[in-house]
Amino acid sequence: MLLRVTDQGLYCEAGDFYIDPWEAVDRAVITHAHGDHARWGSRLYLAAREGERVLRTRLGDDAPIRTLPYGETIERNGVRISLHPAGHILGSAQVRIEYRGEVWVVSGDYKTEPDPTCTPFEPIRCHTFVTESTFGLPIYRWAPQAKTFAEIRAWWRQNRAEGRACVLLAYALGKAQRLLAGLADAGIGPIYTHGAVERLNQAYRESGIPLPHTTYALRRARGESWAGALIVAPPSALGSPWLRRFGSPSTAFASGWMRIRGARRRRALDRGFTLSDHVDWPSLLRAIEATGAERVWVTHGYREPVVRWLREQGLEAEAVASRWEGELDTESSAAPGVDDEAEASAETEE
Ligand SMILES: [Zn+2]
Ligand SMILES: [Zn+2]
């Protein structure tokens with residue numbers, strides 16, 4: 001086995017490195033900057049060059065990060081390592097490792113839908129594929145994203161007509177930027193942001209990803225009306241005092257979980273827009289097939305249904321544990337001087 005699961009996560013013994021380790025280790029190969037994949041304190045990180053700026057918002061400007069452009073190979077103890085686009089967020093990578101003719105690919109989180117804020121997913125042939133299964137149930141099927149963006153625009157127009165602000169909740173890293181890019185030509189504005197979102201917007205812009213103009217909400221002069229504004233904030237802002245400044249805004253959450261009706265009701269949201277940075281069920285199965293893998297390890301999410309389905313197709317499949325589940329919405333914690341109460345709280349989802 002080229003990889004095995006240890007107390008610290010997925011370990012490659014031949015190359016003596018971990019992939020997305022759960023704790024600080026000597027050598028960590030990182031698929032992407034979300035909190036359940038990029039943990040603090042390792043002595044050396046290897047990550048995709050495209051995501052360096054974003055990764056540093058989590059690990060710090062001084063973090064020992066070595067980067068590799070997509071598709072380039074380095075070798076360690078005879079193990080060839082390369083990173084390939086995963087299409088999940090800016091800089092997200094699949095890790096391909098090859099040793100004595102055996103090829104493994106660890107997907108990290110991924111999606112196959114187009115997203116203007118990151119490089120598209122590339123299927124990589126391998127013997128063993130380690131896949132996520134965040135939405136690994138047949139009920140998860142994403143509508144075309146153009147439809148979702150049209151719904152968001154209609155929601156904003158209606159609220160503007162009623163003189164209300166719109167608060168759109170979305171994970172601060174990745175989803176928020178994808179939403180902003182997708183709404184760039186929708187005529188929506190002005191757009192304001194929560195500090196956690198604005199910081200990541202900055203990192204995206206510095207990485208060369210164009211986003212529409214946004215203003216950090218607390219920069220706005222007091223007493224002005226928020227009617228007709230769109231405010232993009234992380235989910236942790238919901239129910240927090242931070243929201244009070246906007247009067248009685250309409251609230252919505254953009255997430256794959258919004259596919260399930262109860263998810264919106266439980267959060268007392270006005271609207272839920274289904275938009276995910278993960279593969280849905282049909283895309284997951286297609287992506288696995290495209291790898292040509294004969295063995296699949298399934299991790300992160302609904303592991304058992306995916307394993308069962310793959311075994312029915314005659315593949316060798318296994319559920320693999322992960323200590324951290326879902327995007328940890330804690331990008332905000334490295335935010336000196338941002339006085340948002342909401343930013344102190346963390347949320348574990350998607
Ligand atoms: Zn992720
Ligand atoms: Zn994840």
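A residue counts as buried when its relative accessible area is under 20%. Keep that cut-off in mind on this tour, and remember that the model you have open is predicted.

**Stop 1: the zinc site**

Select Asp-36 and His-37. With the cut-off above, both of these residues are buried. Now show the zinc ion (ligand 2) as a sphere. Which protein residues are its donors? They are Asp-36 (through OD), His-37 (through NE2) and Asp-109 (through OD), and they lie 2.1 to 2.3 Å from the ion. If you follow these donors along the chain, their spacing reads D-H-x71-D.

Next, add the zinc ion (ligand 1) to your view and keep Asp-109 selected. Asp-109 bridges the two zinc ions, and the distance between the ions is 3.6 Å.

**Stop 2: strand S5 and its partners**

Move on to strand S5, residues 44-48. Is this strand mostly covered or mostly open? Mostly covered: 4 of its 5 residues are buried.

Color strand S4, residues 27-29, alongside S5; the two pair in the parallel sense over 3 bridges. To find one of the matching positions, click Arg-27 and then Leu-44, its bridge partner in S5.

Then bring in strand S6, residues 65-68. S5 and S6 also run parallel, joined by 4 bridges. Here you can pick out Ala-48, which stands opposite Leu-68 in S6.

**Stop 3: helix H1**

Select residues 52-59, which form helix H1. Its buried residues are Val-54, Leu-55, Arg-56, Arg-58 and Leu-59, so the list includes two arginines as well as leucines and a valine, going by the same cut-off of under 20%. What do these buried residues pack against? They meet S5, S6 and helix H4 (195-206). Before leaving, click Gly-60, just after H1: this glycine takes a positive phi of about 100°.

**Stop 4: where two helices cross**

Keep H4 on screen and add helix H3, residues 175-182. The axes of H3 and H4 come within 9 Å and cross at roughly 70°. Because of that angle, H3 is roughly perpendicular to H4.

Show the side chains at the crossing. From H3, select Ala-176, Gln-177 and Leu-180; from H4, select Val-197, Leu-200, Asn-201 and Tyr-204, which they meet. How many of the residues in this contact are nonpolar, polar or charged? The split is 5 nonpolar, 2 polar and no charged.

Key
Residues are numbered from 1 along each chain as its sequence is written. Chains are lettered from A and ligands numbered from 1 in the order in which they are written. This is a predicted model: local features need pLDDT of at least 70, side-chain atom pairs count only at pLDDT 80 or more; totals for chains, interfaces and linings use all residues. Side-chain values use heavy atoms; hydrogens and water are left out. Buried means under 20% relative accessible area, exposed over 50%, partly exposed in between (1.4 Å probe, protein chains only). Contact means heavy atoms within 4.5 Å. Donors are N, O and S atoms within 2.8 Å of the metal (3.2 Å for Na, K and Ca); water is not among the atoms, so sites may look incomplete. Axes are lines fitted to C-alpha atoms, for helices over the stretch in contact, and angles run from 0 to 180 degrees between N-to-C directions. Angles under 35 degrees count as roughly parallel, over 145 as roughly antiparallel, 65 to 115 as roughly perpendicular and the rest as oblique. Ala, Val, Leu, Ile, Met, Phe, Trp, Tyr, Cys and Pro count as nonpolar, Asp, Glu, Lys and Arg as charged, and the others, Gly among them, as polar. Two strands pair if DSSP finds at least two bridges between them.
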